[in-house]
Structure formats: structure tokens, C-alpha cells
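Biologist: Hello! I am new to this structure and would like to learn how to read it. Could we go through it together?

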Amino acid sequence: MSGKERLPVTGAQGDLLRLVATGQAESRAELARLSGLAASSVSLRVEELRDAGLLVEEGSGTSRGGRRPRRLRLSPSAGVLTVADLGAHHVRLGLLDLSGTPLAVQEREADITAGPEAVLDWLADAFDDLLETHAPPGVPLRGVGTGIPGPVDPATGRVVGPSRMPGWNNFPVADHLRARYDLPVLVENDANLMAVGEARSWPGADNLMVLKAGTGIGCGVVVNGRLHRGRGAAGDISHVRVRTDSSIVCACGHRDCLEAYASGAALQAALAEAGIAVERPAYIVGLVDDAVPEATSLVRTAGRMIGEVLTVLVNFFNPDVIAVGGSLAAAEPLIASIRAAVYERCLPLATRELEIAPARAGQDAALLGGGALLLDAVL
Ligand SMILES: [Zn+2]
């Protein structure tokens with residue numbers, strides 16, 4: 001057998017491989033403890049996985065005295081994954097090894113309004129480019145994934161009812177990519193990917209809401225350490241109705257959705273009306289840093305509205321952490337006003353240990369999350 005062994009590996013072998021890939025086990029003894037298998041059958045299967053080129057056992061692991069156990073990890077030649085975090089204006093591309101560690105990350109300009117076929121074919125070309133340039137020679141591609149800045153039906157991998165994505169509604173993104181790659185394909189809402197990546201930066205927090213404040217507004221929900229998708233729309237707070245004095249019709253056709261007031265796209269439009277042209281929502285942060293009063297005031301109002309929506313959710317779900325990421329998260333008044341709204345209105349028991357903070361995982365959060373979810377599909 002060779003490193004090109006077909007995945008997934010099923011049964012007990014697959015279980016052991018996943019325990020190593022996710023970092024839960026790094027020795028045969030830990031595998032035996034976590035899997036409940038006898039030491040002898042763990043050893044047999046580890047040998048098979050080594051022979052298949054999927055696991056390597058190296059040097060010394062950590063041990064208290066005595067002979068040091070050898071450390072198990074996924075073989076660097078077992079495979080690579082390509083993952084994209086597709087935004088309205090740019091895409092972040094990652095080449096990851098099977099343990100989810102990025103080998104190379106690139107950012108490119110992209111225009112999601114060009115429609116699904118053009119964007120996805122371009123994306124696949126960019127993946128091929130990344131593989132050719134950065135993948136270790138002879139190491140097979142095992143899976144392909146992308147985040148989408150809109151709602152995704154997890155059962156079909158189709159985009160359903162997105163805003164600002166003309167031509168994408170009901171497009172079979174997963175099928176389109178699978179036709180090109182014939183490999184496991186992950187298609188997931190971008191905020192969900194970010195939530196999975198971000199959750200790894202909060203050890204000890206089991207329940208998180210990860211808000212993505214960018215061109216749109218998204219939220220990923222992690223319950224007991226796992227992504228909660230519901231039927232696909234879980235965490236989608238963009239079309240929750242907010243209380244305002246004015247009235248704006250949202251892209252979805254309803255009035256006064258959160259997104260119509262508090263998304264980066266909405267702030268950009270409001271600034272344009274005030275005679276301040278901003279090429280991209282992300283640049284609003286710069287205006288806030290420069291103390292442009294219109295920008296600061298709009299961001300503060302957006303934070304309050306987001307915070308008011310979150311008060312309901314915090315009382316209901318009672319998370320440990322609300323992490324705020326996305327291109328607007330760096331605008332300090334945004335998080336300050338979210339905090340103010342939540343702490344003022346929520347039950348003391350709900351906020352006593354609640355942390356509302358900027359996201360920690362950085363710009364690669366969605367890629368890391370994509371790698372972790374894709375690994376589940378691959379192994
Ligand atoms: Zn709406």
C-alpha cells in the first residue's frame with residue numbers, strides 16, 4: 001500500500017486515525033484508552049495505518065519517567081486539503097495538511113457578483129495553482145472545501161436565498177466542485193466555518209456564538225463544542241427585525257432587518273448618502289480610527305442594534321463566549337456597543353461569566369474551521 005491509499009478509512013482504523021488527526025491521541029496507549037480497544041488490536045491497526053502511509057510514529061512523546069512512548073501523527077504525505085473562504089470582494093485560499101495545519105495561505109481579489117460558475121471555476125483554478133506551487137510532490141489532494149457568504153443547505157450543498165449574490169440562489173455549489181474533483185467536498189456558510197475555527201482558540205468554552213461582522217452579518221453557533229447547523233440556517237441573524245425610527249426595505253423584501261442597518265454594506269450605503277465614499281465596508285474601520293464622526297456614529301448604532309438582537313439570544317442560549325470577527329470587528333465602538341446592549345438587558349446569570357471579545361483566531365479562522373470540518377468528511 002502507498003500514501004495514495006483511498007480514503008476514507010472505515011471502522012476502527014478510521015476511528016483511530018481521527019483520534020490522531022484531531023490531536024486527541026498521540027500514543028498507542030492514549031488510543032487504547034480513548035477507543036476502548038485492547039492494546040494489541042490498537043497496535044495491529046496502527047501498523048496497518050503506518051503501512052498504508054497514513055500514520056507515522058516518531059521520536060519521543062511526553063511521558064512521566066520510564067521509556068518515552070513514540071509519538072503518533074498523521075503522515076505529512078497522507079494528503080492535503082484545499083479550503084477557500086469566499087467573501088464578497090476577496091477570497092482567502094489555504095493549502096492544509098490533514099491535521100489542519102496551513103502549509104500555504106493566499107489572498108486574492110474576487111467578485112462574487114460574477115455568478116457561481118465563473119467564480120467557482122476561477123476558484124478551482126486558484127486551488128490548482130496553489131497545489132502546483134505549494135503542495136509537497138506526490139502528496140494527494142484529499143478534499144476540497146469552501147465557505148460561502150450566504151445560507152447553505154447542508155444536505156445538498158446548495159446556496160439558498162443569499163443577499164448580494166446574484167445568480168447563486170439554489171446553485172449546487174458542492175455538485176459543481178465535485179464534478180471537477182471527484183473528492184469529498186465541503187460547502188459551508190462562512191460564519192459557520194469561522195465559528196469552528198474560532199472555537200479552537202477558546203479552550204474551556206463549550207458554547208460560543210461567533211459573530212461575523214463584514215459586508216453582511218453572520219453568526220455561527222457552537223453547542224457543546226460542536227457546530228450547530230440546525231437545518232442550515234442556525235445562527236443566521238441577518239434578517240431579524242430591529243426597532244428603529246426609520247424604515248428600510250431589506251434585500252430579502254422585508255422591512256427593517258438587522259442587515260439593512262448594521263451590515264458593512266448598509267453602513268457603506270449610509271456613508272455614501274452622507275457624501276463619504278468608501279470603496280469597501282472593511283475601510284470603514286479606517287474612518288473610525290481617524291475619528292470621522294459619521295462613521296463612528298454609524299458603527300456605534302450598528303453595534304447597539306446587533307447587541308439588542310443578541311440580548312434575546314444570550315438569554316435563550318446562554319453562551320460562554322460571544323466572539324466578534326469579520327472586517328468590521330476591528331472598529332472598537334462596535335464591540336463596545338454590543339457589550340453595552342447585552343450587559344444592560346440580559347439576565348445577570350446569563351452575563352456573569354459571559355465574555356464578549358474580539359475573535360482570537362485571526363484571519364485564517366475560517367480556513368482552520370474548513371480544514372477541521374473537511375477532515376471529518378475525508379477520514
Ligand atoms: Zn432581510
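Modeller: Gladly! Let us begin with one term: a contact means heavy atoms within 4.5 Å. Keep in mind that this is a predicted model.

Biologist: Thanks. Which residues does Ser201 touch, not counting residues up to four places away in sequence?

Modeller: Ser201 touches Arg360 and Ala361. Ser201 and Ala361 are 160 residues apart along the chain, yet their C-alpha atoms are separated by 5.9 Å.

Biologist: Where is Ser201 found?

Modeller: Look in the loop between helix 6 (190-199) and strand 10 (208-213). The relative accessible area of Ser201 is 23%. Partly exposed covers the range between under 20%, which is buried, and over 50%, which is exposed, so Ser201 counts as partly exposed.

Biologist: And what about Ala191: buried or exposed?

Modeller: Ala191 is buried, because its relative accessible area is 0%. Its place is in helix 6. Leaving aside residues up to four places away in sequence, Ala191 touches Lys212, Gly218, Cys219 and Gly220. From Ala191 to Met209 the C-alpha distance is 9.9 Å, with their positions 18 residues apart in sequence.

Biologist: You mentioned a cysteine there. How many disulfides does a search of the whole structure find?

Modeller: First the general idea: a disulfide is a covalent bond between the sulfur atoms of two cysteines. Here, the search of the whole structure finds 0 disulfides. Take Cys219: the nearest cysteine sulfur belongs to Cys346 and is 13 Å away. A pair has to be within 2.5 Å to count, so Cys219 is in no disulfide.

Biologist: How do Cys219 and Cys252 stand for burial?

Modeller: Cys219 is buried, with a relative accessible area of 4%, whereas Cys252 is partly exposed at 35%.

Biologist: Now the whole chain, please. What does its secondary structure come to?

Modeller: The protein chain has 13 helices and 14 strands. Of its 379 residues, 50% count as buried.

Biologist: What does the radius of gyration say about the chain?

Modeller: The idea is to compare the chain with a compact globule: with 379 residues, such a globule would have a radius of gyration near 21 Å. The protein chain has 22 Å, so the value agrees. Along the principal axes, its C-alpha atoms fill a box of roughly 70 × 50 × 35 Å.

Biologist: And how many positive and negative side chains does the protein chain have?

Modeller: There are 35 positive and 44 negative side chains, and the centres of the two sets lie 7 Å apart.

Technical notes
Residues are numbered from 1 along each chain as its sequence is written. This is a predicted model: local features need pLDDT of at least 70, side-chain atom pairs count only at pLDDT 80 or more; totals for chains, interfaces and linings use all residues. Side-chain values use heavy atoms; hydrogens and water are left out. Buried means under 20% relative accessible area, exposed over 50%, partly exposed in between (1.4 Å probe, protein chains only). Helices (H or I, at least four residues) and strands (E, at least two) are DSSP runs, numbered from the N terminus. The radius of gyration is taken over C-alpha atoms; the globule rule is 2.2 Å times the number of residues to the power 0.38. Lys and Arg count as positive and Asp and Glu as negative; His and the chain ends are not counted. The place of a charge is taken as NZ of Lys, CZ of Arg, CG of Asp or CD of Glu.
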